[in-house]
Amino acid sequence: TKREDVRNVAIIAHVDHGKTTLVDELLKQSGVFRENQEVQERVMDSNDIERERGITILSKNTAVHYKDVKINIIDTPGHADFGGEVERVLKMVDGVILLVDAFEGAMPQTKFVLRKALELNLHVIVCINKIDRPEARPEEVVDEVLELLMDLDASDEQLDCPFLYASAKAGYAVRNLDDKPENMAPLFETILDAIPAPEGDPDGDTQVLISTIDYNEYVGRIGIGKVERGTISVNQDLMLLNHHDPDKRERVKISKLYEFDGLSKVEVKSATIGAIVAISGIADIHIGDTLCAGDNPEAIPFQKISEPTLSMNFLVNDSPLAGQEGKYITSRHLRDRLYRELNTDVSLRVEDTDTTECFKVSGRGELHLSVLIENMRREGYEFAVSKPEVLYHTDDRGRKLEPIEIAYVDVPEEFSGTIIQKLSERKGELQGMSTASDGSVRLEFSIPSRGLIGFRNEFLTSTKGTGILNTMFDGYAPYKGDFPYRKQGSLIAFESGETVTYGLFSAQERGTLFVGPGEKVYGGMVIGQNGKAEDIELNVCKTKHLTNTRSSSADDALKLVPPKILSLEQAIEFIDQDELLEVTPTSLRIRKRILD
Ligand code: GDP
């Protein structure tokens, strides 16, 4: 049976291409907002970090009505796939709207999600937004999108998808550029026509696949998923089948059942196939679990949640608790906060360590963990973190395996050489290269995850902030060998007034260090260009404000390796005499020195 009164659709869009505006507008026009009720809060982006990083991490649900049809709109993670989140979200829908800025065109960040959608055979609607912009170039963008779809091996049917043009801001969509702009009806109609109604057996035994977990201090864990078969009701005898452990099953009753309407959840007594529901009252509900009829429990197969690839230590650092004078973040606070994160983030792992002040947190890549760190810092948690380390595996034959990622790079032509060189030094293998219509170069690398650690900052610096870097976990592969001159770290020294600070800069910290105020260079190159061995030249310049160094790389390095403060004499003593090349009152030069 098909539920013609429901459509489930996801929006795929690069940040700023107008997703929020579009959903606001659909809500308004669907009559969800009463006349005098303002659109106060923008619907979909509650997470500032997403915006800053150009990605979307949380998935949220909204429902709009058009004619007699309820359209569930599900937000997709815009970019990084933390533990199969993209696929989980896309499994709830029957089609996607690919929203593309009529000036900027399709951005590589959306490629991952789009690829998944195509693989899952979802129907596609392309919506070229912001056609009101004076610099809009909708026809060209249509060609670019078609090219992208072909690149991603879209089926003939998918290539034949409807294209619409819209100004979300002005509140209209049109099928042809010369159509008279009126309202969003053409988009609503296209959704109804092009996206199939959800199908299933409404009389069968209940099956709900839990795709997302929401968490609320008061009600605890909330499972969100689609009713795949039968009907689910409050007070029904249900069985919860655990995704990880097939033997683990639990008889449960739900306390509250909701469907989405507008921006809110609305309590319902029961829901049937195709409905996206939220369920509270089950403490032990997890992503991937199937909630099913008590007398006929059948699990729905579910994609495995991927393992973490990288870990970092989070350490208590004696800092005051935000807003509470005299109180300090204790290891208990930190621990509670970290463990709480596990409620909603399935791809994260937290472990206690031998030290009570230190917790090992593992996740899917540096970006994943840095988003958590930034979120926690914004909440007022102060803590120190260690450099990330990748998690190695061994295979049956005892070989060491390491995580490999695909890195997609978009840079203006002039920087492509530098980036290719830098990533090659990090064992990146160039797998594809093309020139986009705007003259920028797209590069695709396969690279060990460890090669990307700390690379983002360097990437931004070397492309003067113009490059775009996206990475995606690809799998584990045999260890690719050490990087040239990197594993051990390099010695660096810099002077402040009378003292010389001596630190071991981690292997990935490279390049020239800067110091404020005035951003003067105070340290020299650590490792030679091209990865070739070169003498390290340390130009130890006078600077008064060592403790005020404000450069991300210097800061990071200082945090990681508390520098020893030595006088110039002591520093010289510390260095092997045969490594010392030259000492002047303000500088010393040493030969490359490798420390284990
Ligand atoms: P999101 O990041 O995809 O959710 O994008 P937003 O909806 O926040 O939009 C980003 C910016 O683009 C905002 O300043 C919007 O006002 C603007 N915008 C959205 N849609 C349109 C449009 O159709 N035309 C124009 N000119 N600007 C738009």
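These are my notes on the ligand site and the sheet of this structure.

**Entry 1: the model.** I am working from a predicted model.

**Entry 2: around the ligand.** I looked up which residues surround the ligand. There are 17 of them, and the closest are Asp16, Lys19, Thr20, Thr21 and Asp132. I then sorted this shell by class: 8 residues are charged, 7 are polar and 2 are nonpolar. Helix H1, residues 19-29, gives the most to the shell, with 3 residues.

**Entry 3: polar atoms at the ligand.** I went through some distances to oxygen atoms of the ligand. For Thr20, a polar side-chain atom lies 2.2 Å from a ligand oxygen. For Gly18, a polar backbone atom is 3.0 Å from one. For His17, a backbone N or O atom lies 3.4 Å from one. I also checked how much of the ligand is covered. Alone, the ligand exposes 570 Å², and the protein buries 81% of that.

**Entry 4: the sheet.** I traced an open sheet of 7 strands with mixed pairing. The order is S2-S3-S1-S4-S5-S6-S7. Why does one side of S2 and of S7 lack a neighbour in the sheet? Strand S2 (61-66) and strand S7 (172-174) stand at the edges, and each has a single partner strand, so one side of each is left free of a neighbour. From one strand to the next, the twist averages 30°.

**Entry 5: S1, S4 and a helix.** I followed strand S1 (residues 6-13) next. S1 pairs with strand S4 (residues 95-101) in the parallel sense, over 5 bridges. I picked out Ala10, whose bridge partner in S4 is Val96. Helix H4 (residues 111-119) lies across S1, S4 and strand S5 (123-129). H4 runs at about 145° to S1.

Note on methods: Residues numbered from 1 in each chain as written. Predicted model: local features only at pLDDT ≥ 70, side-chain atom pairs only at ≥ 80, totals over all residues. Heavy atoms only, no water. Near = heavy atom within 4 Å. Polar contact = N/O pair within 3.5 Å; in protein donor to acceptor, adjacent residues only side chain to side chain. Areas by Shrake-Rupley, 256 points an atom, 1.4 Å probe, with all protein chains shown as cover. Helix = DSSP H or I, 4+ residues; strand = E, 2+ residues; numbered from the N terminus. Nonpolar A, V, L, I, M, F, W, Y, C, P; charged D, E, K, R; others polar. Pairing = 2+ DSSP bridges. Axes fitted to C-alpha atoms, helices over the stretch in contact; angles between N-to-C directions. Contact = heavy atoms within 4.5 Å.
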